[in-house]
Amino acid sequence: MLLEYARLTLDANGQPRSDHYQDIYYNPGAGFAESEHVFINGNRLHERIAQSRGHLTIGEIGYGTGLNFIHTADTFLREASPDARLHYISFELHPIATDTLAALQGDWPQPAIRAAILAQNPHNHPGHHLLKVHPRIHLHLIQGDIRATLPQLRAQIDAWYLDGFAPAKNPACWTPEVLTELARHSAPNATAATFSAARSVRDALVQAGFHVEKIPGYGSKRDMLTATLATPPAPQPHWTNQPAAAAGSIAIIGAGIAGSTTARALAESGRRVVLYHSDAHPAASHVPLAVPYLNPDSEATPHRPYQIAAWHHAMRALQQYPRDIYNPCGVYCHASDDDEQRRQQAILDAALLNESELRGDAATLYYPRGGAIHLPALLAALADHPNIERRQATLSDLRPLDEHAAIIHCCGWQTALVPEPALQHAIRPVRGQGSLFNSDTVPDAVHCGGRTLIPDGAYLYSGASFGPNDHDLAPRSTDDDANQRAITARYPDAKLQLQAHYTGIRGASRDYQPLVGAIPDAADVAAKYSALRHDGGKQIARDIAHYPRHYIHQGLGSKGCTQAWLNADILTAILNGTPIPLPAAQLERIVPARYILRALKRNQL
């Protein structure tokens with residue numbers, strides 16, 4: 001369900017005040033000065049930013065108007081070294097509507113960053129949202145009740161801004177439980193600062209393991225608190241804990257949508273990437289056109305939050321490309337029978353998206369932001385980065401990759417080089433053939449049904465067929481005929497002439513979720529989690545071993561153009577040891593180790 005937007009009132013000077021909490025968002029007329037004193041100086045950030053040569057992670061409770069973020073980003077860009085990067089994680093329960101936010105930020109610094117925030121604004125959608133607002137700055141907006149969202153965080157924070165309105169006005173942000181979770185997600189020697197000097201806040205910070213000091217507050221406020229983590233909590237073992245990669249170049253095997261998005265995300269993070277591609281093993285995404293469509297579960301399944309998050313992330317990424325790469329012409333999804341109508345009505349009833357993102361009825365859903373990707377142009381654009389080198393190579397073993405700090409398997413349905421035998425059968429091939437027709441009838445939007453009809457100038461693309469466990473690349477006239485019938489079923493009078501056909505082999509996981517992360521050692525998992533053979537519901541929390549240097553991004557099936565973007569950023573975060581833009585519960589559903597645990601529960605390993 002969508003979150004309730006912030007309710008606020010502007011005073012005579014245009015300063016915002018929360019109607020929810022009956023408190024001000026920032027010091028009237030001195031918001032940036034107060035932010036400087038309380039949060040920048042309170043966390044000694046001038047010195048730390050100047051010394052940073054890697055990734056600096058700041059956490060904030062209470063995003064509000066974004067004032068603290070804008071001030072921190074401005075400070076970081078003025079004072080950090082060129083190779084430093086900022087990850088800013090901010091929690092918010094009641095986001096401010098876009099128009100109001102734009103008006104409030106009207107004359108603030110960093111106009112390009114402010115414009116990027118507004119363009120990528122997640123509105124009132126709950127969950128984790130990664131906004132790439134600058135080449136060296138990522139804004140992670142985590143929307144929802146912090147008591148539920150903070151425990152799901154996968155990050156280690158270097159400095160905390162505690163700015164969730166006054167404790168008396170918003171006690172839920174200041175409980176001992178929340179501040180204990182805050183400590184659990186803190187890096188060694190992490191700091192915290194808050195405008196508050198309340199005894200309850202000081203005691204809760206001390207209880208959480210912080211050494212707390214009271215220092216002069218800003219302006220007329222006598223005191224405020226700063227804190228340093230003196231007693232870090234013990235690390236929590238879990239089978240989703242995964243190793244970061246050592247410094248050095250990254251090898252990616254496969255230059256389809258999974259490999260190319262991963263290469264780009266790593267390159268933008270500062271990593272040098274070698275992208276290996278082979279004409280002998282063409283990717284499924286060598287077809288000319290594709291649609292990043294959303295097909296969420298109609299019920300509130302554990303998978304649905306990831307499906308929604310991946311689509312939002314893809315939309316944020318694709319909307320930044322020119323129309324010759326991504327054409328946001330809109331996508332219609334037509335129900336083919338009564339069961340499909342009931343499913344589509346359930347999606348509408350669930351209010352998963354707002355009206356600018358989804359509208360229609362049970363018979364036809366319409367996604368205005370959806371559209372068509374020109375895949376060759378997109379893959380070329382993704383690889384066009386100074387940190388990416390493309391190498392043509394058909395690899396029969398991994399010895400040529402010994403020079404690299406890590407190897408990422410992005411080989412679609414081909415798993416022969418995956419070092420863990422237990423995962424080699426987790427992915428199956430699914431053949432698909434699309435057909436391009438010259439047509440006198442070309443719709444102005446994408447239409448999805450039994451086949452997907454994609455407009456492309458004077459041409460109409462229809463596809464693709466779905467052939468599980470089939471990896472024959474030879475084109476078939478029967479598939480062309482079926483693709484043509486899909487067009488004439490919707491446009492009976494269309495005059496069509498076949499121009500070309502394209503065959504791709506998708507790699508689909510057997511549980512329909514991608515495999516993203518470090519490759520686990522099945523023998524170690526079996527030893528540490530052997531009790532699952534006898535009790536599949538037993539709760540076990542142990543770290544597991546992984547194959548050194550080996551990671552995977554495969555098994556996306558027909559959802560590659562939707563899911564690859566988020567997966568790429570998740571994998572980049574794992575390799576770099578930076579904040580993972582997905583809640584822990586959803587991460588469990590995509591990491592490869594899930595297959596090993598499932599096999600143990602079924603006595604298949």
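**Exercise 1. A three-stranded sheet**

Task: In the open sheet with the order E14-E19-E15, which strands stand at the edges?

Solution: The model is a predicted one. Step one is the strand order: three strands form an open sheet, E14-E19-E15, and their pairing is antiparallel. Step two is to look for strands with a single partner. Strand E14 (289–290) and strand E15 (326–327) each have one partner strand, so each has a side without a neighbour in the sheet, and these two are the edges. Step three checks one of the pairings: E14 is joined to strand E19 (residues 372–374) by two bridges in the antiparallel sense. Within this pairing, Ala290 lies opposite Ile373 in E19.

**Exercise 2. Partners of E18**

Task: Which residue in E18 is the bridge partner of Cys333, and which is the bridge partner of Gly360?

Solution: Start with strand E16 (residues 331–334), which pairs with strand E18 (residues 364–367) through four bridges, antiparallel. Here Cys333 has Leu365 as its bridge partner. Next take strand E17 (residues 359–360), which runs antiparallel to E18 and is joined to it by two bridges. For Gly360 the bridge partner in E18 is Leu365. The connection from E17 to E18 is a hairpin of three residues.

**Exercise 3. A six-stranded sheet and its helix**

Task: What is the order of the six strands in the open sheet with mixed pairing, and which strands does helix H15 touch?

Solution: The order is E20-E13-E12-E21-E29-E28. Strand E20 (388–392) and strand E28 (515–520) each have a single partner strand, so one side of each lacks a neighbour in the sheet and they form the edges. On average, neighbouring strands of the sheet are turned by 25 degrees against each other, direction ignored. At one edge, E28 pairs with strand E29 (residues 546–554) in the antiparallel sense over five bridges, and Gly517 has Ile552 in E29 as its bridge partner. Helix H15 (residues 560–576) packs on this sheet and touches strand E12 (250–253), strand E21 (406–409), E28 and E29. The direction of H15 makes about 165 degrees with that of E29.

**Exercise 4. Two helices in contact**

Task: At roughly what angle do the axes of helices H1 and H3 cross, and which residues meet?

Solution: Helix H1 (residues 31–41) and helix H3 (residues 67–79) have axes that come within 10 Å and cross at roughly 75 degrees. Angles of 65 to 115 degrees count as roughly perpendicular. H1 and H3 are therefore roughly perpendicular to each other. From H1, the residues Gly31, Phe32, Ser35, Glu36, Phe39 and Ile40 meet Leu67, Asn68, Ile70, His71, Thr72 and Thr75 of H3. Sorted by class, this contact holds five nonpolar, six polar and one charged residues.

**Exercise 5. The two faces of H5**

Task: Which residues of helix H5 are buried, and which exposed residues lie on the face turned away from them?

Solution: In helix H5 (residues 111–119), Ile113, Arg114, Ala116 and Ile117 are buried. These residues span an arc of only 160 degrees around the axis, which places them on the same side of H5. Pro111, Ala112 and Ala119 are exposed, on the face turned away from the buried side. The cover over the buried residues includes H3, strand E6 (127–134) and strand E7 (137–143).

**Exercise 6. A single residue**

Task: Is Ile427 buried or exposed?

Solution: Ile427 belongs to strand E22 (residues 427–439). Its relative accessibility is 5%, so Ile427 counts as buried. Apart from neighbours within four places in sequence, the contacts of Ile427 include Trp413, Arg510, Leu515 and Gln554.

Conventions
Residues numbered from 1 in each chain as written. Predicted model: local features only at pLDDT ≥ 70, side-chain atom pairs only at ≥ 80, totals over all residues. Heavy atoms only, no water. Pairing = 2+ DSSP bridges. Axes fitted to C-alpha atoms, helices over the stretch in contact; angles between N-to-C directions. Parallel < 35°, antiparallel > 145°, perpendicular 65-115°, else oblique. Contact = heavy atoms within 4.5 Å. Nonpolar A, V, L, I, M, F, W, Y, C, P; charged D, E, K, R; others polar. Buried < 20%, exposed > 50% of the residue type's maximum accessible area, 1.4 Å probe, protein only. Arc of directions from axis to C-beta.
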